[in-house]
Amino acid sequence: MCRSIKTLREPYVPTVTPADIEAAALQYVRKVSGFRAPAAHNAAAFEAAVSAVTAATATLLDQLQVRGARPTAAP
């Protein structure tokens with residue numbers, strides 16, 4: 001796996017933006033598919049995969065409980 005993948009969960013990064021999650025999903029789909037950008041006939045499948053991985057990643061980060069993490073204040 002690529003060593004330049006950014007760790008998104010605490011305690012390494014205090015806040016994760018939707019843009020961070022989508023960038024990580026795009027990087028994952030590129031790595032798995034072997035394509036930096038899909039051909040036109042694969043664009044819909046590529047974008048669907050990025051959306052699915054983005055949603056799964058957001059769910060994962062929302063549900064993780066990190067021991068010793070500082071609680072975040074509710075807005």
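**Entry 1: the exposed side of α2.** I began with helix α2 in this predicted model, and I noted that Ala44, Ala45, Asp62 and Gln63 are exposed, lying on the other side of the helix from its buried residues. Those buried residues I listed as Phe46, Val50 and Thr57. They lie on the same side of α2, because the arc they cover around the axis is only 40°. I set beside this the general rule that an α-helix has 3.6 residues a turn, so residues three or four places apart point the same way.

**Entry 2: the span of α2.** I then checked how far the helix reaches, and found that its 21 residues extend 30 Å from the first C-alpha to the last, which is close to the 30 Å expected at 1.5 Å a residue. For what covers the buried residues of α2, I found that the cover includes α1, residues 18-33.

**Entry 3: α1.** Turning to this partner, I read that α1 has 16 residues and reaches 22 Å between its first and last C-alpha, close to the 22 Å expected at 1.5 Å a residue. Its buried residues are Ile21, Ala25 and Val29. Viewed down the axis of α1, these buried residues fall within an arc of 70°, so they line one face of the helix. I also recorded that the buried residues of α1 pack against α2. After α1 comes Gly34, and I noted that its phi is positive, near 85°.

**Entry 4: Thr54.** I wanted an example of a residue in α2 that meets the other helix, and I took Thr54, which is placed in α2. Which residues is Thr54 in contact with, once its neighbours within four places in sequence are left aside? I found Ile21, Glu22 and Ala25, and two of these names, Ile21 and Ala25, I had already listed among the buried residues of α1. I looked up Tyr28 as well, and its C-alpha is 9.9 Å from that of Thr54, although the two are 26 residues apart in sequence.

**Entry 5: Leu61.** Further along α2, which runs over residues 43-63, I looked at Leu61. Is Leu61 partly exposed or buried? At 22% relative accessibility it counts as partly exposed, because buried requires a value under 20%. Leu61 and Ile21 are 40 residues apart in sequence, yet I read a C-alpha to C-alpha distance of 9.4 Å.

**Entry 6: the whole protein.** Stepping back, I counted 2 helices and 0 strands in the protein. Of its 75 residues, 11% count as buried. The protein exposes about 6000 Å², and carbon and sulfur atoms supply 58% of that area. Finally, among contacts between residues at least 6 apart in sequence, I noted that 58% join residues at least 24 apart.

Definitions and conventions. Residues are numbered from 1 along each chain as its sequence is written. This is a predicted model: local features need pLDDT of at least 70, side-chain atom pairs count only at pLDDT 80 or more; totals for chains, interfaces and linings use all residues. Side-chain values use heavy atoms; hydrogens and water are left out. Helices (H or I, at least four residues) and strands (E, at least two) are DSSP runs, numbered from the N terminus. Buried means under 20% relative accessible area, exposed over 50%, partly exposed in between (1.4 Å probe, protein chains only). The expected span of a helix is 1.5 Å times one less than its number of residues. The arc is that of the directions from the helix axis to the C-beta atoms. Contact means heavy atoms within 4.5 Å. Accessible areas come from the Shrake-Rupley method with a 1.4 Å probe; for residues, only the protein chains shown count as cover.
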